[in-house]
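Q: I would like a close look at a single part of this model, together with its surroundings. Please take it step by step and explain the terms as you go.

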Amino acid sequence: RVVDGLLIPPPFDWSALARRPELARQAALLQQPGARTPDFAEQIDDVLAFLGGTHPHARAVPGEGADLEVWILGSSGGQSAQVAGERGLPFAANYHVSPSTVLEAVEAYREAFKPSAALAEPYVVVSADALVAGTRARAEELAKGYGLWVRSIRTGAGAIPYPTAAEADAHGWTDADRELVRDRVDTRFVGSPGEVAEGLRVLRRVTGADELLITTITHDHEDRVRSYELLADAWNRP
């Protein structure tokens, strides 16, 4: 669906990937057998208490009294968004990884928000993938490796070195491959400076974002730097 000019794709189905043995092995390495994962809200409260020097059982040295901001990143309207709102913390909503749920995430955060010492009003950052070049054709050429790179992550194999355009062209895409990465590829902002800047303004307007967090991934570092330069110039233009 398209909401006021912003593409909101269908939710990505993780169920098939969750059954892959690679992910099971990763989970086994990350958590000891029988260990209990602490409640997320409890973990945030512990961090805030450590920083504020109010934890009843322990002190964090260094850390206590540190002048820093605590941010919560969320991909849906679940516990992350609610905890960020209830604790009055700034919230980063994840359009570039989970575009289907960005609107519910920012809505849940704002509905749960309570003023705090950190914030008087809700504050939202929304992330986006963007790639800019002098022309749309050049940008699309530079963007070719993105789908193959996302595929490597979503198959559970782990992120591969970012492919060149030639390596992406050589990949034999199946319908299943394309479906696996469609939501990420379709919601990446790729094009000329003006096109991408306009797309990002739509994202900011529809989500009500106070800031946008832009990620640009390319094979060559020079192209990445140039993308940021072109986007900054277009964004700042009246």
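Leaving aside its neighbours within four places in sequence, which residues is Thr155 in contact with?

A: This is a predicted model, in which local features need pLDDT of at least 70 and side-chain atom pairs count only at pLDDT 80 or more, while totals for chains, interfaces and linings use all residues. Residues are numbered from 1 along each chain as its sequence is written, and side-chain values use heavy atoms, with hydrogens and water left out.

Once its neighbours within four places in sequence are set aside, Thr155 is in contact (heavy atoms within 4.5 Å) with Leu17, Arg20, Glu22 and Leu180. Thr155 is found in the loop between H7 and H8, where helices (H or I, at least four residues) and strands (E, at least two) are DSSP runs numbered from the N terminus. With a relative accessible area of 15%, Thr155 is buried; buried means under 20% relative accessible area, exposed means over 50%, and partly exposed lies in between, with a 1.4 Å probe and protein chains only.

One of the contacts of Thr155, Leu180, also takes part in the meeting of H7 with H9. The axes of helix H7 (residues 145–154) and helix H9 (residues 175–186) come within 9 Å and cross at roughly 110 degrees, the axes being lines fitted to C-alpha atoms, for helices over the stretch in contact, with angles running from 0 to 180 degrees between N-to-C directions. That makes H7 roughly perpendicular to H9, on a scale where angles under 35 degrees count as roughly parallel, over 145 as roughly antiparallel, 65 to 115 as roughly perpendicular and the rest as oblique. On the H7 side the residues are Tyr146, Gly147, Trp149, Val150, Arg151 and Arg154, and they meet Asp177, Leu180, Val181, Asp183, Arg184 and Val185 in H9. By character, the residues of this contact divide into 6 nonpolar, 1 polar and 5 charged, where Ala, Val, Leu, Ile, Met, Phe, Trp, Tyr, Cys and Pro count as nonpolar, Asp, Glu, Lys and Arg as charged, and the others, Gly among them, as polar.

On the H8 side of the loop, Ala168 has its place in helix H8 (residues 165–170) and, at 5% relative accessibility, counts as buried. Not counting residues up to four places away in sequence, Ala168 touches Lys144, Gly145, Leu148 and Trp173. Ala168 and Trp149 lie 19 residues apart in sequence, with their C-alpha atoms 9.0 Å apart in space.

The nonpolar cores give the wider setting. A nonpolar core is a set of buried Ala, Val, Leu, Ile, Met, Phe, Trp, Tyr and Cys residues joined through side-chain atoms within 4.5 Å. The largest has 38 residues, and those with the most contacts inside it include Leu6, Phe91, Phe189 and Leu203. A second, separate core of 9 residues includes Phe12, Tyr146, Tyr162 and Leu180, so Tyr146 and Leu180 figure both in this core and in the meeting of H7 with H9.

For the protein chain as a whole, the secondary structure comes to 11 helices and 7 strands, and buried residues make up 40% of its 238 residues. The C-alpha atoms fill a box of roughly 60 × 50 × 35 Å, taken along the principal axes. Among contacts between residues at least 6 apart in sequence, 67% join residues at least 24 apart.
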